[in-house]
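Student: I would like to learn how to read a beta sheet in a model such as this one. Could you take me through it step by step?

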Amino acid sequence: MKKNLLLFLAIVILGSFAVFAQDPVVTMDSCTNITFAQVKFYGNLVNKGTWTVNGRGFIYSQNPVPTKSNGTVKAVSGTALGSFNSTITSLQPSTTYYVRSFVRRGTTDTVYSQTILSFTTAAATPPTFTTPI
């Protein structure tokens, strides 16, 4: 009987941790100021859940589902709730990119925004020179 009671208590206690553990909520809000070589990203850390967040930022790629393994990570300083942004430079002209925001705990745990946005950089136009008359 004691064995069954201990087993029951262990299941209840371990199960309660799983019920109360919550992942953070991060959103990918917008991409603005798009040129042939740069863009500005905006994200929002809405809720930290039960995590101790130690990083946030953006991941962008030419892959429609950007991840740490196939994209470029742009970390943004801070861990506070609320909006964050970053300007990305050195992009390729006339190229479609996909981006989403992320938050990190430790070095391996990452939660991505559910929304993935796409944008296309402008074509590079060569400068025109005029000859003085």
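Tutor: Let us begin with strand order, bearing in mind that this is a predicted model. Here an open sheet of three strands has the order 1-2-5, and the pairing is antiparallel.

Student: Why is one side of strand 1 and of strand 5 left without a neighbour in the sheet?

Tutor: Strand 1 and strand 5 stand at the edges and each has a single partner strand, so one side of each lacks a neighbour in the sheet. From one strand to the next, the twist averages 20 degrees.

Student: How many bridges join strand 1 and strand 2, and which residue stands opposite T32?

Tutor: To read a pairing, one follows the bridges and then looks for residues that face one another. Strand 1, residues 25–32, pairs with strand 2, residues 39–47, in the antiparallel sense over seven bridges, and T32 stands opposite K40 in strand 2.

Student: What lies between strand 1 and strand 2?

Tutor: These two strands form a hairpin with six residues between them, and within the turn N33 has a positive phi of about 55 degrees.

Student: Which residues of strand 5 face V39 and N44?

Tutor: Strand 5, residues 82–88, pairs with strand 2 in the antiparallel sense over seven bridges. In that pairing V39 stands opposite I88 of strand 5, while the bridge partner of N44 in strand 5 is S83.

Terms used:
Residues numbered from 1 in each chain as written. Predicted model: local features only at pLDDT ≥ 70, side-chain atom pairs only at ≥ 80, totals over all residues. Heavy atoms only, no water. Pairing = 2+ DSSP bridges. Helix = DSSP H or I, 4+ residues; strand = E, 2+ residues; numbered from the N terminus. Axes fitted to C-alpha atoms, helices over the stretch in contact; angles between N-to-C directions.
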